[in-house]
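User: I am new to this structure and would like a close look at one part of it, the place where the two chains meet. Please take me through that part with care, and then set it against the rest of the model.

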There are 2 protein chains.
Amino acid sequence: MKFKIALIQMAASEDPSANLKKAVEKIREAAEAGANIICLPELFKSRYFCQQENPSNFDLSETIPGPSTEALCKTAAAEKITLIAPLFEKRAPGLYHNTSVVIGRDGAIIDTYRKMHIPDDPLYHEKYYFSPGDLGFKSTKTPFGKIGVLICWDQWYPEAARLTVLKGANVIFYPTAIGWHPAEKETHGAAQLDAWRTIQRGHAIANGVFVAAVNRTGREVPAPGAPGLEFWGSSFVSDPFGVVLASASADREQVLVQEIDLALVEETRRNWPFLRDRRIDAFADITKRFSEE
Amino acid sequence: MKFKIALIQMAASEDPSANLKKAVEKIREAAEAGANIICLPELFKSRYFCQQENPSNFDLSETIPGPSTEALCKTAAAEKITLIAPLFEKRAPGLYHNTSVVIGRDGAIIDTYRKMHIPDDPLYHEKYYFSPGDLGFKSTKTPFGKIGVLICWDQWYPEAARLTVLKGANVIFYPTAIGWHPAEKETHGAAQLDAWRTIQRGHAIANGVFVAAVNRTGREVPAPGAPGLEFWGSSFVSDPFGVVLASASADREQVLVQEIDLALVEETRRNWPFLRDRRIDAFADITKRFSEE
């Protein structure tokens, strides 16, 4: 079965309502280009506020359902597309998640994923804002087969990709917000971007699954004199053998549309039958933090 | 701590004793070049006999310890090197393994790993010859810190790399015998080699560990008129962030020597602390074959 996915690579302004409006416009553009499943970048509605720890940033959160899902559900129904929309979820006062909803083409929320792996590094202070997800790894039925959603830092964890595929996903979407520290870009920037691309292509190969990474772009400076982050764009789609089918620029907004042929999942796995031979009798220690003797 | 590893990329003739003799010569050459840990390719002592199912090929197996380990232990002691030597192990009549021993620089066998993931595909009929390993995933103490050994088909499994690293390994060696089906090389050869390199670089990135893949080279045709396999060489060393530090040719024998700086393991993991955030509370289903609902 063939269908089209669209990755909306966006830059975020300081105005959430303008970002939402732009997202809706780009969803329409993608739908007009024939996309059936459309994915927005992580926390697309705002700047990447996790550069700083500031309690007023919790004002950016919202309930699910809430005003953003209301607008996005209408758009999904109007355009008859399946939509992956990452939001800053307010679950209860003092309890927030980095969440992604899947909205069906009838305009209903059909699934919710809460980011499981939460980073905390200089300029990425996510452990301050987000409680780790408690919904586990999932796959979601769509009219085009099962898809999985993981979010950003999850992309560095082979376990997350594997568990999503064991649930039946044929395409894993990774809404993302990753960029360069400007001071590091010259020395480490190329290796960082390459590692990011490589590990996700690796998940595609290990699992015989399509992978779609959707990043933001643009420089965001949270305060005068702060170095900020330069989000590296480079959204891409990998086929089930790690071949990059489509790739966006580093520094421009772009709607990347790619046809997915699910027959390639079966063809790849028949020729490289990795799922057949997993030593599930010997994997129990994966649930340990470390097991050096 | 810094030390040198050597990857011995060899072609195999039809004469096992000549292959063993050549291996010993190349070990000496690597030791002279300053190598501290030396790794031979999978089943280096013979042609890749698994192209066919033939009971007489079991004659190629030998006990461990046995004549090959005797010769290799002497060489390791004489050259004062740690040696990874993959052998066709005869454990009992009718019970054989694809095994790799680690020989210490005093000439004693200090560890044994039995290949856990056994392939079976056209021209790679390993399930006929080898019983799956029963020693689990391991790491081995050497004078240069802990190393892990996995073998060929294991390289497609993120679980194998992860479990080896959780046991404390800083370098994973992958003795390998992989090549092109000549009829597929033109259409699929580049993608196959790239997938092989990519997934192993992915293991390096996911785990912050050095990876060293040691392949054979040369065309091996088991019978007149058979297509045979063209082993693709391309042995390489990746650093803990997926950067390829050294790489061998596709079609020539080569002793690839590379310095390893273990400080880079800690530096990489401090900057990209993936081990910190693993959701071990949510990984139990990794031990399932499939869990689609």
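Analyst:
**Where chain B meets chain A**

In this predicted model, the area buried between chain B and chain A is about 5,600 Å², and carbon and sulfur atoms give 60% of that area. On the side of chain B, the residues that lose the most area to chain A are R279(B), I286(B) and R289(B), which together make up 12% of what that side buries. The contact itself draws 56 residues from chain B and 56 residues from chain A.

Charged and polar pairs also belong to this picture. Between chain B and chain A the count is 14 salt bridges, and one that can be looked up directly is the pair of R201(A) and D194(B), whose closest N and O atoms are 2.6 Å apart. Polar contacts across the interface of chain B and chain A come to 38 residue pairs, with both residues of a pair at pLDDT 80 or more. As for the elements behind the side of chain B that touches chain A, those giving two or more residues are helix 4 (158-166) and helix 5 (182-207) of chain B, and helix 5 of chain B gives the most, with 10 residues. Sorted by class, that side of chain B has 30 nonpolar, 8 polar and 18 charged residues.

Turning from the interface to the chain on its other side, chain A holds 6 helices and 15 strands, and its C-alpha trace spans about 55 × 55 × 40 Å along its principal axes. Its radius of gyration is 18 Å, which agrees with the value near 19 Å that a compact globule of 293 residues would have.

Some backbone details deserve a careful reader's attention too. Most peptide bonds are trans, and most residues other than glycine have a negative phi. In chain A, however, the peptide bond from I64(A) to P65(A) is cis, with omega near 0°, and P65(A) sits in the loop between strand 2 (37-39) and helix 2 (67-79) of chain A. In chain B, the bond from I64(B) to P65(B) is cis as well, with omega near 0°, and P65(B) lies in the loop between strand 2 (37-39) and helix 2 (67-79) of chain B. K80(B), found in the loop between helix 2 and strand 3 (82-92) of chain B, has a phi near 55°, a positive value in a residue other than glycine.

On confidence, the model scores ipTM 0.98 and pTM 0.98, while chain A has a mean pLDDT of 98, with 100% of its residues reaching 70 or more. Among the elements of chain A, the lowest mean pLDDT, 97, belongs to helix 5 (residues 182-207) of chain A, and the highest, 99, to strand 13 (residues 236-238) of chain A.

Definitions and conventions:
Residues are numbered from 1 along each chain as its sequence is written. Chains are lettered from A and ligands numbered from 1 in the order in which they are written. This is a predicted model: local features need pLDDT of at least 70, side-chain atom pairs count only at pLDDT 80 or more; totals for chains, interfaces and linings use all residues. Side-chain values use heavy atoms; hydrogens and water are left out. pLDDT is the predictor's confidence in each residue, from 0 to 100. Helices (H or I, at least four residues) and strands (E, at least two) are DSSP runs, numbered from the N terminus. Contact means heavy atoms within 4.5 Å. Buried area is the accessible area (1.4 Å probe) that two parts lose on being put together, summed over both. A salt bridge is a side-chain nitrogen of Lys or Arg within 4 Å of a carboxyl oxygen of Asp or Glu. A polar contact is a pair of N or O atoms within 3.5 Å; within protein, one must be able to donate a hydrogen and the other to accept it, and residues adjacent in sequence count only if both atoms are side-chain atoms. Ala, Val, Leu, Ile, Met, Phe, Trp, Tyr, Cys and Pro count as nonpolar, Asp, Glu, Lys and Arg as charged, and the others, Gly among them, as polar. The radius of gyration is taken over C-alpha atoms; the globule rule is 2.2 Å times the number of residues to the power 0.38.
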